[in-house]
Each structure stands twice: as structure tokens, then as C-alpha cells.
Amino acid sequence: ASSAPSASTASSPPADAAGSPVATTAEVPVGGGIVVPAFQLVLTQPSEGEFRAFSSICTHEGCPVTKVEDGVIVCPCHGSQFDIDTGERVAGPARDPLAGRSVSVQGEDISVG
């Protein structure tokens with residue numbers, strides 16, 4: 001791993017999710033969610049038909065979150081947990097919420113802005 005000065009793409013997410021479908025509604029369980037590593041996103045469905053999107057990068061030390069379980073988004077590095085509805089920290093060393101993203105649903109496709 002290199003820590004050389006970053007080029008313009010070095011700190012960008014691996015792919016641009018803006019406007020492109022990143023998942024389908026069937027993939028996101030009610031009361032839970034999924035992590036979409038290719039877009040550095042977490043998609044959640046806190047209640048039927050209500051979708052949320054957040055950055056998958058933990059606000060504590062920048063580790064990627066890896067799962068959604070028991071109504072929380074979980075970071076494996078230091079145990080921070082975030083609410084699936086608001087992205088707010090509910091446990092662990094993180095102090096700030098996960099960054100929210102806008103969500104649009106067209107038919108079965110979920111897009112994030």
C-alpha cells in the first residue's frame with residue numbers, strides 16, 4: 001500500500017453511484033440492509049417501502065462497515081454501530097453518524113444520488 005500524494009482518483013469511491021441503479025428493492029430486507037462495497041454504500045429498509053442510503057465508511061477511523069444485523073449497521077474494526085433509519089451512532093467509539101445519501105426508487109431499481 002502506498003501513501004504517496006493522491007492523484008485525483010485516489011480518494012474517489014471505486015464507482016460512481018449517482019443516478020445508476022445500485023441494487024433492487026428485493027435485495028434489501030425489511031428491518032435490515034445490505035452493504036454495496038463497489039459503491040461504498042449501505043442500503044437499508046427500516047420499514048416496508050422506506051429505503052435509506054449511507055456511506056459504508058465508518059466515521060471513527062475510516063474502516064468499511066461490513067454488515068447490517070439486528071437493526072444496526074456494524075463496523076468490524078472497533079465495534080461501532082449505526083441506526084439503519086438515521087445513520088446515527090448507537091454504539092462504539094464513532095461519534096459522528098454515517099453520511100447519508102439521497103435515494104430514489106424506480107420500479108425495482110434503487111439509485112443513489
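Which polar contact does the side chain of Ser-55 make with the backbone nitrogen of Ile-57, and at what distance? In this predicted model, a polar atom of the Ser-55 side chain lies 3.1 Å from the backbone nitrogen of Ile-57.

Ser-55 belongs to strand E4, which spans residues 50-55. Its relative accessibility is 17%, and because buried means under 20%, Ser-55 is classed as buried. When residues up to four places away in sequence are left aside, Ser-55 touches Gln-40, Val-42, Leu-98, Ala-99 and Arg-101. The C-alpha atom of Ser-55 is separated by 9.0 Å from that of Leu-43, a residue 12 positions away along the chain.

Ser-56 is placed in the loop between E4 and E5. With a relative accessibility of 3%, Ser-56 is also counted as buried. Not counting residues up to four places away in sequence, the contacts of Ser-56 are Val-35, Gln-40, Leu-41, Val-42, Cys-63, Pro-64 and Val-65. Gln-40 and Val-42 thus appear among the contacts of Ser-55 and among those of Ser-56.

One of the residues touched by Ser-56 is Cys-63, which takes part in a disulfide with Cys-77. A disulfide is a covalent bond between the sulfur atoms of two cysteines. The structure contains one such link. The sulfur atoms of Cys-63 and Cys-77 are 2.2 Å apart, and the angle about the S-S bond is -105°, a left-handed arrangement. This disulfide joins distant parts of the chain, its two cysteines being 14 residues apart. Cys-63 is located in the loop between E4 and strand E5 (67-69), while Cys-77 is located in the loop between strand E6 (72-74) and strand E7 (81-83). The two partners fall into separate accessibility classes: Cys-63, at 16% relative accessibility, is buried, whereas Cys-77, at 38%, is partly exposed.

Two further cysteines, Cys-58 and Cys-75, remain to be described. Cys-58 is in no disulfide, and the nearest cysteine sulfur to its own is that of Cys-75, at 3.9 Å. A disulfide requires sulfur atoms within 2.5 Å, so a separation of this size does not meet the cut-off. At 4% relative accessibility, Cys-58 is buried. Cys-75 likewise takes part in no disulfide, its nearest cysteine sulfur being that of Cys-58. Cys-75 is buried as well, with a relative accessible area of 3%.

Technical notes:
Residues are numbered from 1 along each chain as its sequence is written. This is a predicted model: local features need pLDDT of at least 70, side-chain atom pairs count only at pLDDT 80 or more; totals for chains, interfaces and linings use all residues. Side-chain values use heavy atoms; hydrogens and water are left out. Helices (H or I, at least four residues) and strands (E, at least two) are DSSP runs, numbered from the N terminus. Buried means under 20% relative accessible area, exposed over 50%, partly exposed in between (1.4 Å probe, protein chains only). Contact means heavy atoms within 4.5 Å. A polar contact is a pair of N or O atoms within 3.5 Å; within protein, one must be able to donate a hydrogen and the other to accept it, and residues adjacent in sequence count only if both atoms are side-chain atoms.
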